[in-house]
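Let's take a friendly walk through this structure. Keep the sequence and the 3D view at hand as you read.

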Amino acid sequence: ANAMDCLAAIRDGLKARGIELGKSLFVRYCRVGAGDAVGDITGCELVCALVGERPGLVTDKSMSAYITYKPHTGVSESSRTVVSNIHNAGTPAAEAGAHIADIVDIMLKEKASGTDLKL
């Protein structure tokens with residue numbers, strides 16, 4: 001439910017800003033680089049990958065959002081903006097989703113993400 005709450009808040013935040021959201025995809029056993037492949041296939045302007053943490057970690061109920069402007073295979077890790085510690089004891093999913101929508105809006109205006117983005 002955490003991912004769905006976060007995704008709903010992202011959708012609501014983007015819609016309120018007039019930003020068009022493409023289809024949401026589910027990737028079983030997702031890795032961060034899956035977003036790069038989505039960029040290759042779709043030519044999208046931006047990808048936000050919500051990735052759950054690996055089982056066995058202290059906060060294995062946690063997830064992070066990896067947001068990449070102009071995603072493509074081979075993009076550097078420093079080109080991603082990360083929102084982490086999305087879980088009940090950290091940043092609640094709905095609050096994180098609203099924050100992510102704010103960041104996406106800035107990225108689209110600035111045409112940058114990761115270390116190229118000045119927040």
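## Ser-113 and its surroundings

Look for Ser-113 in the segment that follows α3. This is a predicted model, and in it Ser-113 has a relative accessible area of 5%, so Ser-113 is buried, the limit being under 20%.

What does the side chain of Ser-113 reach at 2.9 Å? The partner is the backbone nitrogen of Tyr-69. The Ser-113 side chain also reaches the backbone oxygen of Ser-79, here at 2.5 Å. Leaving aside residues up to four places away in sequence, Ser-113 touches Ile-67, Thr-68, Tyr-69, Ser-78, Ser-79, Thr-81 and Met-107.

## A bridge from α3 to a loop

Now to the charged side chains. How many salt bridges does the structure hold? There are five.

One of the salt bridges pairs Asp-102 with Arg-17, with 2.0 Å between the closest N and O atoms. Asp-102 belongs to helix α3 (residues 93–110), while Arg-17 sits in the loop between α1 (2–16) and α2 (34–42), so this pair ties together parts that lie 85 residues apart in sequence. Are these two residues buried, exposed or partly exposed? Asp-102 is partly exposed, at a relative accessible area of 35%. Arg-17 is also partly exposed, with 32% relative accessibility.

## Arg-80 and its two partners

Next, find Arg-80 and Asp-36, whose side chains meet in a salt bridge with an N to O distance of 2.8 Å. Here, too, distant parts of the chain are linked: Asp-36 is in helix α2 and Arg-80 is in strand β3 (residues 80–86), 44 residues apart. Buried or exposed, how do these two count? Asp-36 counts as buried because its relative accessibility is 7%, under the 20% limit. Arg-80, at 8%, counts as buried as well.

Arg-80 also forms a salt bridge with the side chain of Glu-77, at 3.1 Å from N to O. Glu-77 has 56% relative accessibility and counts as exposed, whereas Arg-80 is buried.

## A shared network

Which residues are joined into one network by salt bridges that share partners? They are Arg-17, Asp-102, Asp-105 and Lys-109. You have already met two members of this network, Arg-17 and Asp-102, as the pair with its closest N and O atoms 2.0 Å apart.

Definitions and conventions:
Residues are numbered from 1 along each chain as its sequence is written. This is a predicted model: local features need pLDDT of at least 70, side-chain atom pairs count only at pLDDT 80 or more; totals for chains, interfaces and linings use all residues. Side-chain values use heavy atoms; hydrogens and water are left out. A salt bridge is a side-chain nitrogen of Lys or Arg within 4 Å of a carboxyl oxygen of Asp or Glu. Helices (H or I, at least four residues) and strands (E, at least two) are DSSP runs, numbered from the N terminus. Buried means under 20% relative accessible area, exposed over 50%, partly exposed in between (1.4 Å probe, protein chains only). A polar contact is a pair of N or O atoms within 3.5 Å; within protein, one must be able to donate a hydrogen and the other to accept it, and residues adjacent in sequence count only if both atoms are side-chain atoms. Contact means heavy atoms within 4.5 Å.
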